[in-house]
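Reader: Hey, I'm setting up some work on this one and I'd like a close look at a single part, namely the surroundings of the ligand. Take it slowly, and give me the cut-offs as you go.

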Amino acid sequence: MKVLVLGGAGYIGSHICKALALLNHQSVVVDNLSTGHREAVRWSRFIEADILEPDTLIKILQEEGPFDLIMHFCAKSLVGESVEKPALYYRNNVAGTLNLLDAMVATQHNKLVFSSTAAVFGMPEKELIDEQHSRLPINPYGQSKKMVEDVLGDYHHAYGIKSVALRYFNACGADPDGEIGERHEPETHLIPNILKSAIAGKTSGLKVFGDNYPTPDGTCIRDYIHVNDLASAHILAGEYLQQNDGAFAFNLGNGNGFSVFQVIEAAKNVVQQDIAYSIEPPRAGDPSTLVADSTRARQVLGWQPAYTDIESIIATAWTWHQNEKF
Ligand code: UFG
């Protein structure tokens with residue numbers, strides 16, 4: 001396939017570009033480098049551009065295409081920031097995606113894999129979240145992704161755009177070869193923060209946000225899914241769109257929940273040292289438990305996550321953080 005990867009300089013997009021290259025697919029990356037890293041684009045032609053510029057998108061699709069598939073990862077993705085700056089989230093995530101969809105219609109491109117999130121669901125109503133779960137987001141980030149999911153349904157109906165929205169639970173881990181990995185500024189995610197605090201050897205650098213949740217050990221439970229397993233799901237979704245017509249959505253997780261304390265314990269085993277932490281007040285908007293039911297992705301896409309053990313996931317992130325290349 002020839003694939004256009006918007007946001008391919010970011011954490012998840014760059015891992016997908018490597019996975020595409022390993023399968024001999026050709027990719028072109030478009031990224032504005034606002035949060036992505038030029039050094040992470042190693043397997044693709046690179047074009048620096050912004051999805052907020054509709055004419056540029058049309059030009060890229062015309063001049064670089066035709067593409068068999070478009071994958072779209074460009075987004076603002078911090079829950080807390082979205083509450084403070086909703087305009088930034090609706091402009092980038094919703095208006096930016098509308099620009100892309102309209103450029104696709106204008107240039108006769110009709111297959112899109114869209115990066116969605118578990119944040120579209122809001123507060124969990126049951127233990128395992130499947131695709132039937134109601135979508136009632138509790139922050140502008142989740143709302144912006146839900147709005148795009150709804151737009152995708154309408155654009156399929158009216159303009160024939162076929163799409164798969166993939167709702168990630170907690171993306172984590174890194175390329176096992178250590179060539180690319182997770183680097184956010186500021187870093188807000190649990191596993192990188194644990195490993196950075198292990199490297200810094202700080203005595204109290206790591207903060208645990210809340211130990212009084214209604215969970216067995218009082219800390220939040222999440223479903224940690226390796227970034228390369230997300231990559232394989234994207235490629236399967238792209239292949240699915242070559243054969244199937246519709247606007248589809250799948251939840252992507254391991255189906256196993258780990259508490260913050262359990263992740264810290266697993267990380268201690270990986271790094272072979274103690275990790276100190278302080279207990280802090282809960283973070284606004286954190287649901288106590290978020291675990292995916294990914295039966296549908298397994299059955300329909302034939303997806304099979306390779307990393308199901310939390311220590312082996314953390315070990316790949318540890319390889320990266322010990323020797324970060326950018
Ligand atoms: N946590 C800490 N200390 C830290 C970082 C995180 O205790 O330094 C806790 C959080 O409070 C949470 C858990 O670890 O309980 C996981 O937090 P992350 O920030 O790693 O991930 P989130 O579950 O908050 O976020 C993920 C995705 C978002 C998505 C969200 C849906 O990264 O894009 O799930 O709720 F919106």
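Author: Here's a walk around the ligand, followed by some spots elsewhere in the chain.

A bit of bookkeeping before that: this is a predicted model, where local features need pLDDT of at least 70, side-chain atom pairs count only at pLDDT 80 or more, and totals for chains, interfaces and linings use all residues. Numbering starts from 1 along each chain as its sequence is written, and side-chain values use heavy atoms, with hydrogens and water left out.

Okay, the ligand. It is surrounded by 20 residues, where being near means that a residue has a heavy atom within 4 Å of the molecule. The closest of these are Leu 190, Lys 207, Arg 222, Arg 283 and Asp 286. By type, the shell splits into ten nonpolar, six polar and four charged residues. In that split, Ala, Val, Leu, Ile, Met, Phe, Trp, Tyr, Cys and Pro are nonpolar, Asp, Glu, Lys and Arg are charged, and the others, Gly among them, are polar.

Now zoom in on some oxygens of the ligand. A polar side-chain atom of Arg 222 sits 2.7 Å from one ligand oxygen atom, and Arg 283 likewise places a polar side-chain atom 2.7 Å from an oxygen atom of the ligand. Leu 190 takes part through its backbone, with an N or O atom 2.8 Å from a ligand oxygen. On its own the ligand would expose 690 Å², and the protein buries 91% of that; these areas are Shrake-Rupley values with a 1.4 Å probe, and for residues only the protein chains shown count as cover.

Which secondary structure elements supply at least two residues each of the shell? Those are α6 (190-200) and β8 (206-209), and β8 gives the largest share, three residues. Helices here are DSSP runs of H or I with at least four residues, strands are E runs of at least two, and both are numbered from the N terminus. Zooming out, domain 1 (2-171 + 225-252) and domain 2 (175-223 + 256-290 + 307-321) both contribute to the shell, so the ligand lies between them. The domain bounds come from an automatic or database domain assignment.

On to His 226, which belongs to strand β10 (residues 224-226). It has a relative accessible area of 0%, so it is buried; buried is under 20%, exposed is over 50%, and partly exposed is in between, with a 1.4 Å probe and protein chains only. The His 226 side chain reaches the backbone nitrogen of Asn 228 at 2.9 Å and the backbone oxygen of Ala 174 at 3.2 Å.

Ser 115, in strand β5 (residues 111-117), is buried too, at 8% relative accessibility. Its side chain makes a polar contact with that of Tyr 168 at 3.0 Å. A polar contact is a pair of N or O atoms within 3.5 Å; within protein, one must be able to donate a hydrogen and the other to accept it, and residues adjacent in sequence count only if both atoms are side-chain atoms.

What about the rings? Rings of Phe, Tyr and Trp (its six-membered ring) pair if their centres lie within 6.5 Å, with planes under 30 degrees apart called stacked, over 60 edge-to-face and the rest tilted. That rule gives seven aromatic pairs. Tyr 155 and Tyr 159 have ring centres 4.9 Å apart and planes at 70°, so this pair is edge-to-face. They are four residues apart in helix α5 (residues 140-159), so about one helical turn separates them. Tyr 240, Phe 248 and Phe 250 form one aromatic cluster.

For your backbone checks, there's a cis peptide bond between Glu 185 and Pro 186, with omega about 0°, and Pro 186 is in the loop between β7 (170-172) and α6. That brings us back to α6, one of the elements supplying the shell around the ligand. Another cis peptide bond joins Gly 65 and Pro 66, also with omega about 0°; Pro 66 is in the loop between α2 (54-64) and β4 (69-72).
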